[in-house]
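Hi,

Here is the structure I promised to pass on to you. Have a look at it first, and then read my notes below.

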Amino acid sequence: MSGKSVQGLLSALFGVLVGLILGLLVVWGAGENPLTVLRILARGAFGSRYDLGMTLFYSTPLIFTGLSVAVVFRAGMFNIGAEGQLTVGTIAAAMAGILLPFLPMPIAPLVAWVCASLAGAAWGAIPGWLRARRGSHEVINTIMLNFVAAGLCSYFALYPLRNLQSQNPETRGIASQFKLAPFPLFEGAPVGWALPLALLMALFVWFLLWRTVIGFEWRAVGLNEVAARAAGIDVARARVGAFAFAGALAGMVGVAEVLGNSGRFRVGFSPEYGFMGIAVALLGRNHPAGVVAAALLLGALHKGAAELDLETDRVTRDLSLVFQGLIILCVSAEGWWFQNRRRKATAGSQKSTGVVPASNSP
Amino acid sequence: MILDELGASTLRVSTPLVFAALGGLYSERAGVVNIALEGMMLVGAFAAAAGTYFAHDPWVGAAAGMASGMSLAAIYALFVISLRANQVVAGTAINILALGLTPLLCKALFEVTSSTPSIPLSDRFHSAPVVAAWILVLVSWIVVQRTPAGLWLRFAGENPDALDSAGVRVNFVRWVAVLISGGLAGLGGASLSLFLSSSFSRNMTAGRGFIALAALIFGKWRPVPAAVACLLFGCFEATQIRLQGITFPGGGSFPVQFVQILPYFLTILVLAGFVGQSRPPRALGLPFRRE
């Protein structure tokens, strides 16, 4: 590792530490013993094979969304739209499972996987295209598209594909040959082939970004758009391509949710996996290995905090959100005293080049 | 008759949006992206409901809502202005923080996480927020377009280096703008829990902070057009609420989702220049450091 990435890792760890301490201060302020809460969090996340399985179950979508955000970051843009992309991918997986019941076993889940990826990719390509061709900023567009996706997918779940047997806003169930059985190792926790798929995708993202021409072009655009254009790289194509690929990654959450867990699309199934993906990418320094590690950390926090409702009187599972918010704030800060000292040495190299501040470029 | 009702209900439901969009205006015109409006509204809605519950006076509640919005804005300003955290990332973090803190505080004060106790009709607002919101639109127009302070504000967002050369501290202007932004968003939240409903409930803003942001962009970052955009989006919401009650003769209901997505859809079109053109302040999103 180069000196720069070691420093990046250290400031991420420092940010996590400060965020955790602030979160524990909130716990203390609420009148609970921080050490007790820490113990409950750890036991809830790793206490048994089932608990560990649930932690991995929450981590899997976070790997997908974290990778999605990281890929777009590397291409010099922001993907606040993983939430919308995963919603579209999930309804597409459910549609495949409902509308194509004649497909046989080995082909069926593969088709659903492709549908989820393509739907996510199409949804992701929209902000990439708008940025490349119309010059409108992807942050606002992705935020708006999240709401559009939520509205459209609720329409499908409430009208054409509605589950008439249930009062819940959800689609009908998918045909059984689409389902991926959970691994027995985790005693019933819904962890199946989606987890290896997520790890495989992490590997693939690394390969694509650092071992192929396409990935090189995306990173070149992210590092310096002007130089990339001068070198003959099609910047517009890189933007659309990176965003579409990111959308496909987020769309694969549909494989974990529909094929591996509920067997249908449920409105509101995601506890903001898309937004948590921003935290995952940030903590993981936009590197696939870091993303996997950060997804495990936040997955564990999410699962561990679920136990707080029952085991404490004063704090609830919402503490997980407080921890996340504080950790993201502290990790994203660039002006800690030790960073100021480092900055002085490299002053001048921090000039911003456009709408995305220089501090975003990886 | 139906149109009268629709007009009145449009005015009502657009009120929180007007407050929040004005809040966004101050921050963004000063060069600080504010996607944290949603979180600031949410804490404002909670503090206003809690304050009114204990004080039996909606004005105390509104003050509490404003103060809580400003407190969250102070945390935001600390990170994005003083610690130069990325504004989009930190804004997302503030929203997540508010989503988690409000039920925790609700549990601490009222023993439940889902909602605050209901506030009696006599302790709620009836029309004051609507009037206050539109007075503030007028005041903001004067302040932003016609006063020296407004000039500083606009320069902090368009050309911070020039403002710095003129001897005005850019980051001071931005701090004040973000605090005003939080106060206004907090009032927006207060009008949600004390005017449009009778208590705070979990995640009750439900994306209104983002609709306000959309209205701000739709109104090209100017006070009066942004407020008019809030009316338009409020009209969508009012229409959607009316349509929800309607059932077709065959037993089906109107798919209101298509009305719900309109504000977001239109904002994308406007930003892309398909319908008019909306250009953000030039230094929006860039941290300021003296060379």
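**Cysteines without partners**

Let me start with A:C115, whose closest cysteine sulfur is in A:C153, 14 Å away, so the two are too far apart for a bond. Please keep in mind that this is a predicted model. A:C115 is partly exposed, with a relative accessible area of 26%.

Chain B has a similar case to look at. The sulfur of B:C235 has its closest cysteine sulfur in B:C230, and because the distance is 13 Å, that pair is too far apart for a bond as well. B:C235 counts as partly exposed, at 27% relative accessibility. How many disulfides does the structure hold over all chains? The count is zero, and a pair would have to come within 2.5 Å to be included.

**A helix you can check yourself**

Next, try helix α15 of chain A, which covers residues 319-332. With 14 residues at 1.5 Å a residue, α15 of chain A should span 20 Å, and its end C-alpha atoms are indeed 20 Å apart. Is this helix mostly covered or mostly open? α15(A) is mostly covered, with 14 of its 14 residues buried.

**Where the two chains meet**

Now for the interface. In chain B, 50 residues are in contact with 53 residues of chain A. Together the chains bury about 4400 Å² between them, and carbon and sulfur atoms give 74% of that area. Which three residues supply more than any other three of the area that chain B buries against chain A? They are B:I96, B:L104 and B:I268, which supply 13% of it.

There are polar features here too. The rule finds two salt bridges across the interface of chain B and chain A. In a salt bridge between A:R314 and B:E111, the side chains meet at 3.4 Å, N to O. Between the two chains, five residue pairs are in polar contact, counting pairs with both residues at pLDDT 80 or more. On the side of chain B that touches chain A, the elements giving two or more residues are α3 (58-82), α4 (87-110), α9 (208-218), α11 (257-260) and α12 (262-271) of chain B. The most comes from α4(B), with 15 residues.

One residue of that helix deserves a closer look: B:T92 lies in helix α4 of chain B. B:T92 has a relative accessible area of 4%, which means that it is buried. Leaving aside neighbours within four places in sequence, B:T92 is in contact with A:F275, A:I278 and B:I35.

Enjoy exploring it!

Note on methods. Residues numbered from 1 in each chain as written. Chains lettered and ligands numbered in written order. Predicted model: local features only at pLDDT ≥ 70, side-chain atom pairs only at ≥ 80, totals over all residues. Heavy atoms only, no water. Buried < 20%, exposed > 50% of the residue type's maximum accessible area, 1.4 Å probe, protein only. Helix = DSSP H or I, 4+ residues; strand = E, 2+ residues; numbered from the N terminus. Expected span 1.5 Å × (residues − 1). Contact = heavy atoms within 4.5 Å. Buried area = accessible area lost by both parts, 1.4 Å probe. Salt bridge = Lys/Arg side-chain N within 4 Å of Asp/Glu carboxyl O. Polar contact = N/O pair within 3.5 Å; in protein donor to acceptor, adjacent residues only side chain to side chain.
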